[in-house]
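This report goes through one protein model for a reader who has not seen it before. The sequence and structure come first, and the description follows.

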Amino acid sequence: MSVKNYFTLNFPANSSNESFARVVVASFAAQLDPTLEELTDVKTAVSEAVTNAIIHGYNEGQGEITLTGSLGNDGSLTVMVKDEGVGIADLEQAREPLFTTRPDLERSGMGFTIIENFMDRVEVDSAPGKGTAVTMTKKFSLKGSGGHEKT
């Protein structure tokens, strides 16, 4: 797949930047003229990934998140959310619905489940002490313009 456009952005792992990341990706994805539902799916997945990096990757401490996005000529959007935090020891367990390492914060443990339900493909690369990279891809329909088919 060839890349049509891309961006890279680094920002502090502050919860106030979660909405910033969501808006950046939505603005970038708008070039593909997604439906509102597709855009909402992507925004939700990005929010979950960034929140996971802040809450679990850095345990709400200091750190930096790298957000990258690329648009493919096939109408796909790929987003990567990467932290250099504590990493995940057991990826299979972390991806189980309702599993959380932070029950003290009343986390639902649904982050990866939500991401996987809203995106077409999700890859997680992580190792203890080396951080986590969540790469998500969504292929947009050809409808665009708020759900109306193009003619």
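## The sheet

In this predicted model, five strands make up an open sheet, arranged in the order β1-β2-β3-β5-β4 with antiparallel pairing. The edges are taken by β1 (3-12) and β4 (121-127); each has a single partner strand, so one side of each has no neighbour in the sheet. From one strand to the next, the twist averages 10°.

The table lists three of the strand pairs, each with one facing pair of residues.

| Strand pair | Direction | Bridges | A facing pair |
|---|---|---|---|
| β1 and β2 | antiparallel | nine bridges | V3 and G72 |
| β2 and β3 | antiparallel | seven bridges | I65 and D83 |
| β3 and β5 | antiparallel | eight bridges | M80 and T135 |

Strand β3 covers residues 76-83 and strand β5 covers residues 131-139. Strand β2, residues 64-72, is mostly covered, with eight of its nine residues buried. Between β2 and β3 lies a hairpin with three residues between the strands, where G75 has a positive phi near 85°.

## Two helices in contact

Helix α1 spans residues 17-29 and helix α2 spans residues 36-57; their axes come within 9 Å and cross at roughly 145°. The crossing of α1 and α2 is right-handed.

Which residues of the two helices meet? From α1 they are E18, A21, R22, V25, A26 and A29, and from α2 they are L39, V42, K43, V46, S47, V50 and T51. Sorted by class, this contact contains eight nonpolar, two polar and three charged residues.

## The nonpolar core

The largest nonpolar core has 35 residues, and the ones with the most contacts inside it are I65, L67, L77 and M136. At least two residues of this core come from each of β1, α1, α2, β2, β3, α4 (111-118), β4 and β5. Helix α2 gives the largest share, eight residues.

L77 can be taken as an example from this core. Apart from neighbours within four places in sequence, L77 is in contact with V25, F28, A29, L32, V42, S70, L71, M136, T137, K138 and F140. Among these partners of L77, V25 and A29 in α1 and V42 in α2 also take part in the contact of the two helices.

I65, another of the residues with the most contacts inside the core, is the residue that stands opposite D83 in β3.

## A buried charged residue and helix α4

Is D41, which is found in helix α2, buried or exposed? Its relative accessibility is 14%, and since buried means under 20%, D41 counts as buried. Setting aside neighbours within four places in sequence, D41 is in contact with F118 and K138. K138 is also among the contacts of L77.

In helix α4, the residues G111, F112, T113 and I115 are buried. What covers the buried residues of α4? The covering elements include the helices α2 and α3 (91-94), along with the strands β4 and β5. Of these, α2 also meets α1, β5 is joined to β3 by eight bridges, and β4 stands at an edge of the sheet.

Key
Residues are numbered from 1 along each chain as its sequence is written. This is a predicted model: local features need pLDDT of at least 70, side-chain atom pairs count only at pLDDT 80 or more; totals for chains, interfaces and linings use all residues. Side-chain values use heavy atoms; hydrogens and water are left out. Two strands pair if DSSP finds at least two bridges between them. Helices (H or I, at least four residues) and strands (E, at least two) are DSSP runs, numbered from the N terminus. Axes are lines fitted to C-alpha atoms, for helices over the stretch in contact, and angles run from 0 to 180 degrees between N-to-C directions. A crossing is left-handed if the near helix is turned anticlockwise from the far one by less than a right angle, and right-handed if clockwise. Contact means heavy atoms within 4.5 Å. Ala, Val, Leu, Ile, Met, Phe, Trp, Tyr, Cys and Pro count as nonpolar, Asp, Glu, Lys and Arg as charged, and the others, Gly among them, as polar. Buried means under 20% relative accessible area, exposed over 50%, partly exposed in between (1.4 Å probe, protein chains only). A nonpolar core is a set of buried Ala, Val, Leu, Ile, Met, Phe, Trp, Tyr and Cys residues joined through side-chain atoms within 4.5 Å.
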